[in-house]
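Got the viewer open? Here is a short tour of what to select, stop by stop.

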Amino acid sequence: MSFIFRFIFNSRNPHSLRSGPLTGDELKVASEYLIKEVQVREFSKEISALRKGNSIPKGSNLRNLNPFIDSNGILRVGGRVEYSNLTDNQKHPIILPKSHRLTKLIFVYFHHKNLHVGPQGLLCAVRQKFWPIHGRNLSRKIVNDCITCFRNKPVVANKILGNLPAERITPTFPFNVCGVDFVGPLLVKPLAQRRITASKMYAAIFVCFVTKAVHFELVTDLTSEAFIACLKRFFALRGKSSIVYSDNATNFVGAQSELKRLSDMLKTR
């Protein structure tokens, strides 16, 4: 279409011929011409009503878009973002019919331009300038019909998971079997006192393996003694646990060694 307009211009102006690659202005004139022709065919009733100063007919798909005709005769979306710093195309996108060949070509162009983007990204890219009617359905159709996307669509491997351990599926009271880990450091400052700098604290998180209940305990530091004191408070509130799982952190390993030494000492007496 741009070359047709160039041929017409060169025919009418033989002394100022245009040649070489198409310019941006030539492409813009051709695209605006195609859009206006499509809108006149698809939205004739709406355009006629707007030119007469009447409201959009009932049952029209454009009624909720508050459309208007700009200075170039193109039907655009209205709205309340006139004073924003967006571009004119973003504030008032060009309305496109839902099932026209031109609308599909525009979607295919943006799909290829954005490196075969998915449906959501494609719709977002198109709406930077255009507002297609039922654009979400058309975006999905363009992506699903793309042969390149179909060939390169990754196949998700469904792994067969192993059996859950007995501690996870055996009914018991809360925190009878649980896991523990630390999170932090957290900066804690007393509310009742002034001019006191915040001190580092840690939180011990106990998670029940059966009920998924969670218990938090505040810990002063990462030493084994602090964790043993935290464990005493936890047992006092929730009852003694039969099994407590943890990682190989030094405070957990040190606490396990201390508790084992205490247990061996009590057994010998």
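Start by selecting Asp70 and Arg76 and showing their side chains: the two meet in a salt bridge, with N to O at 2.8 Å. Keep in mind that this is a predicted model. Now switch on a surface and ask: are Asp70 and Arg76 buried or exposed? Both residues are buried. This pair belongs to a longer list, since a search of the whole structure turns up eight salt bridges.

Next, select Arg6, Arg18 and Glu26 together. These three are linked in a network of salt bridges, and Glu26 is the one to click on, as it pairs with Arg6 and also with Arg18. Take the Arg6 contact to begin with: the side chains of Glu26 and Arg6 meet at 2.8 Å, N to O. Colour by secondary structure and you'll see that this pair links distant parts of the chain, with Glu26 in helix α2 and Arg6 in helix α1, 20 residues apart.

Then draw the other contact, from Glu26 to Arg18, where the closest N and O atoms are 3.6 Å apart. With the surface back on, how do the three residues of the network sit? Glu26 counts as buried because its relative accessibility is 7%, under the 20% cut-off. Arg6 also has a relative accessible area of 7%, so Arg6 is buried too. Arg18 comes in at 38%, which lies between the 20% and 50% limits and therefore makes Arg18 partly exposed.

Stay with the two helices, but move to the outside. Select Met1, Ile4, Phe7, Ile8, Tyr33 and Leu34: together they form a nonpolar patch on the surface, with about 540 Å² of accessible area. Both α1 (2–12) and α2 (24–42) supply at least two residues each. Which helix gives the largest share of the patch? That's α1, with three residues.

Zoom in on Phe7, a patch member that lies in helix α1. Its relative accessible area is 60%, so Phe7 is exposed, the cut-off being over 50%. Flip back to Arg6, in helix α1 as well, and you have a buried residue with a relative accessible area of 7%.

Finally, zoom right out and colour by domain. The domain assignment gives domain 1 as residues 1–152 and domain 2 as residues 167–268. How far apart are the C-alpha centres of domain 1 and domain 2? Place a pseudo-atom at each centre and the separation is 63 Å.

Methods. Residues numbered from 1 in each chain as written. Predicted model: local features only at pLDDT ≥ 70, side-chain atom pairs only at ≥ 80, totals over all residues. Heavy atoms only, no water. Patch = residues over 30% accessible without salt bridge, like charges linked within 9 Å, V, L, I, M, F, W, Y side chains within 5 Å. Areas by Shrake-Rupley, 256 points an atom, 1.4 Å probe, with all protein chains shown as cover. Salt bridge = Lys/Arg side-chain N within 4 Å of Asp/Glu carboxyl O. Helix = DSSP H or I, 4+ residues; strand = E, 2+ residues; numbered from the N terminus. Buried < 20%, exposed > 50% of the residue type's maximum accessible area, 1.4 Å probe, protein only. Domains from an automatic or database assignment.
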